[in-house]
Each structure stands twice: as C-alpha cells, then as structure tokens.
Amino acid sequence: MTVQTFIPNGAKAASENTVTQPTHTSDVSIKKLYIETQGCQMNEYDSHRMADLLGDSHGYILTSNPSEADILLMNTCSIREKAQEKVFSELGRWRKLKDKNPDLVIGVGGCVASQEGDNIQKRAPYVDMIFGPQTLHRLPQMLDQHNAQVEKPKKDKIKLVDISFPDIEKFDFLPEPRVEGFKAFVSIMEGCSKYCSFCVVPYTRGEEVSRPLDDVLAEIAGLAEKGVREISLLGQNVNGYRGETFEGGICTFPELLRLVAEIPGIGRLRYTTSHPLEFSDELIQCYEDLPQMVSHLHLPVQSGSNDVLKAMKRNHTIDVYIDKIAKLRKIRPDMHLSSDFIIGFPGETDENFAETLQFIKDLDFDHSYSFVYSKRPGTPASDLPDTTPEQVKKERLAQVQKVIKQSSIEKTDAMLGKIERVLIEKVSDQDPNILIGTADNTRLVTFVGDATWVGRFAEIEITEIKTLNFVYGELLNLEPDVA
C-alpha cells in the first residue's frame, strides 16, 4: 500500500513542520486540513478535490503536519492485505492528537470506508465522519452536521456515515479544480464492472459510470486555459468510458481522446488504468493519428499464465494481450510498456510462474506494479485454496522485479544520443539556469535553458545518463507555446 501526505502538484514539504500553503500562523482563525492519501492515482485525485471542497466551502488550508491540523482526513485504499488493520493502526495514532485537542475532527474516506462503514465508528468511536469515494462531495455538509451537534448529548448525536453510490453525482458538486503546474489529472469515470476474482473495486467504488462528455471536455478546456499542457485521464477501467453526449448519444474512449486532442493548449495525453479487453483497434489507431498521445502505456495484465488469468476471471488470454501490444508497437516502435503483476495467486504453479517470467522478458516491460497476492475479504478469490508457501511467493516476486528493473535500466541507457520531447516543468532549485522536464517515458530530463521557457515543450538530445529515472540533455528545438 502506498501511503502519502496529500500535497498539491508542484508543492513540497521540506520537513514535517512545512505547510504546503501559506498558513498565516499569526492569525489564529486560520483553519488547517491534513489529508493522508493511500493507494492509487484515483485516490490522489480525490484528495485534491477534498482539499478544494473544504478550502472553498470552509476556508481550510492544507498542512503537512497532522499535529497542527483542525481536520484530519484519511483517504483509504483496500487493495493490499490487512488494509483495514493499517487504517485502524493509523487512527490509533490520531486518537492521541484528539485526546490533546477534543475539537479535532477526524474523517475516514475511500475504499476501506466503503467496506467497513459504521464499523469504523464502532472500533474507533472518536472518528467523526465516514464517507465513500462516491460521496466525498458531501464533505462540507457532513462537516456542518458535525459542527451543529458538537454540543448535543452523545445519545442525541447522529452517526455521520455516507458510503452510498450516487452514480456520478459528485462531479456536479465539486468546485473548479485548482491548477498547480502544467499537468493535471481528470477523472472521467468511476467504478468497475469487470469483477476480476481478486479485486474489491466493484464493491468499494461501484459499477462503471462515465461522466457526460461535455462535462469532461469543459473541465479539460478550463485547465488548458490556465496553463495545463499535459492531461492524464483517470478511471478504474478508463478505456471502458462511455460518456453521454449532448445529443443523447454515447462517446467511446477513442472518440474522447480525439476530442481532447483538439482542445487548444493540450500538447500531451496520458491515461490510466486500462483493461486489455477494451484496448481496441480504434484505440490503437489513436496512437497513429494523434501526436499528443505519449509513447508510454500502462496496461495491466496481472499474469503471464492463461491458467492463472482464467482463475482471476480476466476474460482474456496472453495471446490476445501480445497481439494488441504487437499492433501498438508496429505504430509506435518506441512504446514503453508498464503493467501490474500479481505473483503467487492461489493455485499458481512453478510452471505458471515460469510462463509469467518468460512473458515479462518477451514483452520487455519498462516498469511494473508487482506484488505478492493479497487475499481481499469478500472477493471470489479469497475462497480459493492456496498452498504455495509465502517464502516461495516472495522469491518469485524478487525474480520478476529484478527482470523488470534490468529492462528499465537498459531503456534509460538507450536514451543516450536520442532526441526526446520534454515538457519543461520547473527551474532547478540549485541553479536558475537549469530547467527540469519530463519525457514521454516519464524520465526526468535536465538541461540548460531560460526560466521563461517553463510550460513549453522542447526537443532535447540526451547527452548523459545520471540515474535510472534522471538524464541530462541539450536543447535542440523549443516548440512554440501550444496555447
């Protein structure tokens, strides 16, 4: 499980006491919000929106120090093993803060909140608000309700728990997103209807629901007007997008990509996370037609064994996946591929694992999110017999990660002498003459340049490999501003 303090794009915390926005500490009326984010980019996006909501509605500013916050929010993830216990462990630490400050408000959101519901308040009665991924937009109202009943006797207080699934309603109530930097995430759909046997997402975020097309385009156009140049489209199954159009029709994901590419100012497009079943020929064609599409794709496969894929209920075979990647690389030979791998799924044999390892070598992955299988309560896979020793699973995982790391190193080394298109994002803290940007393949690129170029794209020849994810280069061409 990834755990991080929520900090807006472009901000940084120099220490535990660094606040991410101006705090005006001389003004005791300033209210501070701390958000701990666990898990995926969807949760990161949701945490941004929580901060926007409470900032607009109640004037809260973010802090990176929980001990000085007036509200503590935990945006939880239930993908990994023992996620619930980790949440309660952290809540135990927060309780000590509440003992010192009885006015402190504690809220728990995200997928563990959806799974546990009011059981969180039973185990941790000091938690004031519980909300799911689909109801985070109701946070201001929940906070008002909490404040209104602070003085009431305990027996008269109402439990503030809302983990319902009101379709796509939340996007109608979220404020206009704040822009920080030149990249932005845009959530285009919620939930998943694939019901893979190992996954809790359909149960914690609900069935797939797509945002209306016009809403998505309006949000992106607004971001572009404020200087955003790279958009990452988000969804649990993002290429399953089926957004309603103004005329009552349906817009598919490839059609959406083409429309986004036409928005002035958008010079680069990414998306995550996608499913092989809906990685269609129409989507592959976008990589030939749209220069804004990066040569980097995250397409989770989970295993390189057809037997394991069947047990996972992935509903596709390895041959299908390989065929799609072959078509893509025919169009984009420089395509960098990343994926998710679950190692040690119940019933995985030595032969199954050998197939996965060979598959990884054959596809030449640049990066992966790879983990030993975690049994998730309530999923079909949790009832499958699992006789593989934990140590064997860990050894298999180590082999996978070693192969992929070596591939990543080789791909970085291969950048030497190549020309990369880079989005210039900032000036180096150490040297005002050094600029830092990101290549299509996510590597950071530094080069000598002028601070006025920040926010533009440039062609950079790579002249030195510094680390796995950090290279140096020289400017060849500065593109005109795409706005």
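**Exercise 1. Place lysine 313 and judge its exposure and backbone.**

Step 1. Lysine 313 has a relative accessible area of 43%, so it counts as partly exposed. The class runs between the buried limit of 20% and the exposed limit of 50%. The model behind this value is predicted.

Step 2. Find the element. Lysine 313 sits in the loop between helix H11 (306-312) and H12.

Step 3. Check the backbone. Phi of lysine 313 is near 60°, a positive value in a residue other than glycine. Most residues other than glycine have a negative phi.

**Exercise 2. Which helix packs on the sheet E15-E16-E17, and how is that sheet built?**

Step 1. Take the strand order. The three strands form an open sheet, E15-E16-E17, with parallel pairing. Its edges are strand E15 (296-298) and strand E17 (367-372), each of which pairs on one side only. From one strand to the next, the twist averages 10°.

Step 2. Look at one pair. E15 and strand E16 (residues 336-343) run parallel and are joined by three bridges. Leucine 297 stands opposite leucine 337 in E16.

Step 3. Add the helix. Helix H12 (residues 318-331) packs on the sheet and touches E15 and E16. The direction of H12 makes about 165° with that of E16.

**Exercise 3. Is asparagine 65 buried or exposed, and what does its side chain contact?**

Step 1. Locate the residue. Asparagine 65 is in the loop between strand E3 (60-62) and strand E4 (71-76).

Step 2. Apply the cut-off. Buried means under 20% relative accessible area. Asparagine 65 has 9%, so it is buried.

Step 3. Look for a partner. The side chain of asparagine 65 makes a polar contact with the side chain of serine 67, at 2.7 Å.

**Exercise 4. Which two threonines are joined by a cis peptide bond?**

Step 1. Read omega. The bond between threonine 272 and threonine 273 is cis, with omega about -5°. Most peptide bonds are trans.

Step 2. Place the bond. Threonine 273 is found in the loop between strand E14 (268-272) and helix H10 (281-289).

**Exercise 5. What is the sign of phi at threonine 442, and where does this residue lie?**

Step 1. Read phi. The value for threonine 442 is near 80°, which is positive in a residue other than glycine.

Step 2. Place the residue. Threonine 442 lies in the loop between strand E19 (434-439) and strand E20 (444-448).

Step 3. Judge exposure. With a relative accessible area of 38%, threonine 442 is partly exposed.

Definitions and conventions: Residues are numbered from 1 along each chain as its sequence is written. This is a predicted model: local features need pLDDT of at least 70, side-chain atom pairs count only at pLDDT 80 or more; totals for chains, interfaces and linings use all residues. Side-chain values use heavy atoms; hydrogens and water are left out. Helices (H or I, at least four residues) and strands (E, at least two) are DSSP runs, numbered from the N terminus. Buried means under 20% relative accessible area, exposed over 50%, partly exposed in between (1.4 Å probe, protein chains only). A polar contact is a pair of N or O atoms within 3.5 Å; within protein, one must be able to donate a hydrogen and the other to accept it, and residues adjacent in sequence count only if both atoms are side-chain atoms. Two strands pair if DSSP finds at least two bridges between them. Axes are lines fitted to C-alpha atoms, for helices over the stretch in contact, and angles run from 0 to 180 degrees between N-to-C directions. Contact means heavy atoms within 4.5 Å.
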